[in-house]
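Visitor: I'm new to this one. Can you walk me through it?
Guide: Sure. Have a look first, then ask away.

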Amino acid sequence: MENCLFCKIAGGKEDSDTVYKDENVVAIRDINPQAPIHFLIIPRKHIPTLMDIEGRDKELMGSVFTVAKKLAEENDLEMSGFRVVVNCGSGAGQSVFHIHFHMLGGRPMKWPPG
Ligand code: 5GP
Ligand code: ZN
């Protein structure tokens, strides 16, 4: 979609520090990291928010977690733990309206999150 930052990043039209890519999903380092490891796992398909997921996106959503597992293995996060978060809507802090999954690790995580 035109004028969508994450569509541009997924399409290679905008610079990013890419840590994973396949035909359906890309993962990049967050420009403003909230933990020593902070990746954004981004489905290439333009889905604005979690509330816009459709039945046909089931497999795509599942593949996001396969990518998270792979990135956890590559970054030695299995033992220390990590968190995968989706902010849905501006009230939850979503600022880019192309669905993405924050993957945070490398420091202890508190619960509940702020
Ligand atoms: P949200 O606030 O929508 O849940 O998350 C958007 C995330 O995208 C934020 O953590 C923000 O730091 C990150 N972000 C915004 N612009 C860019 C960019 O141009 N490049 C990268 N790598 N991350 C970005
Ligand atoms: Zn988009």
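**Cysteines and a zinc site**

Guide: This is a predicted model. Let's start with cysteine 88. Its relative accessibility is 30%, so cysteine 88 counts as partly exposed.

Visitor: How many disulfides does the structure hold?
Guide: Zero. Cysteine 88 is in none. The nearest cysteine sulfur belongs to cysteine 4, and that is 15 Å away.

Visitor: And cysteine 4, buried or exposed?
Guide: Buried. Cysteine 4 has a relative accessible area of 7%, and the cut-off for buried is under 20%.

Visitor: New topic. Which residues coordinate the zinc ion (ligand 2)?
Guide: Cys4 and Cys7 do so through SG, His46 and His98 through ND1. The distances run from 2.0 to 2.3 Å.

Visitor: How are those donor residues spaced in sequence?
Guide: The pattern is C-x2-C-x38-H-x51-H.

Visitor: Where do cysteine 7 and histidine 46 sit?
Guide: In distant parts of the chain, which the pair links. Cysteine 7 is in helix H1, residues 5-10. Histidine 46 is in the loop between strand S3 (37-43) and helix H2 (58-74). They are 39 residues apart.

Visitor: What about their accessibility?
Guide: Cysteine 7 is at 14%, so it counts as buried. Histidine 46 has a relative accessible area of 23%, so it is partly exposed.

Visitor: Back to the zinc ion (ligand 2). Why is the arrangement tetrahedral?
Guide: Because the four donor atoms subtend angles of 106 to 116°. To count as tetrahedral, four donors need all angles between 85 and 135 degrees.

Technical notes: Residues are numbered from 1 along each chain as its sequence is written. Chains are lettered from A and ligands numbered from 1 in the order in which they are written. This is a predicted model: local features need pLDDT of at least 70, side-chain atom pairs count only at pLDDT 80 or more; totals for chains, interfaces and linings use all residues. Side-chain values use heavy atoms; hydrogens and water are left out. Donors are N, O and S atoms within 2.8 Å of the metal (3.2 Å for Na, K and Ca); water is not among the atoms, so sites may look incomplete. Four donors count as tetrahedral if all angles lie between 85 and 135 degrees; four count as square planar and six as octahedral if opposite donors are over 155 degrees apart and all others between 65 and 115; anything else is irregular. Helices (H or I, at least four residues) and strands (E, at least two) are DSSP runs, numbered from the N terminus. Buried means under 20% relative accessible area, exposed over 50%, partly exposed in between (1.4 Å probe, protein chains only). A disulfide is a pair of cysteine sulfur atoms within 2.5 Å.
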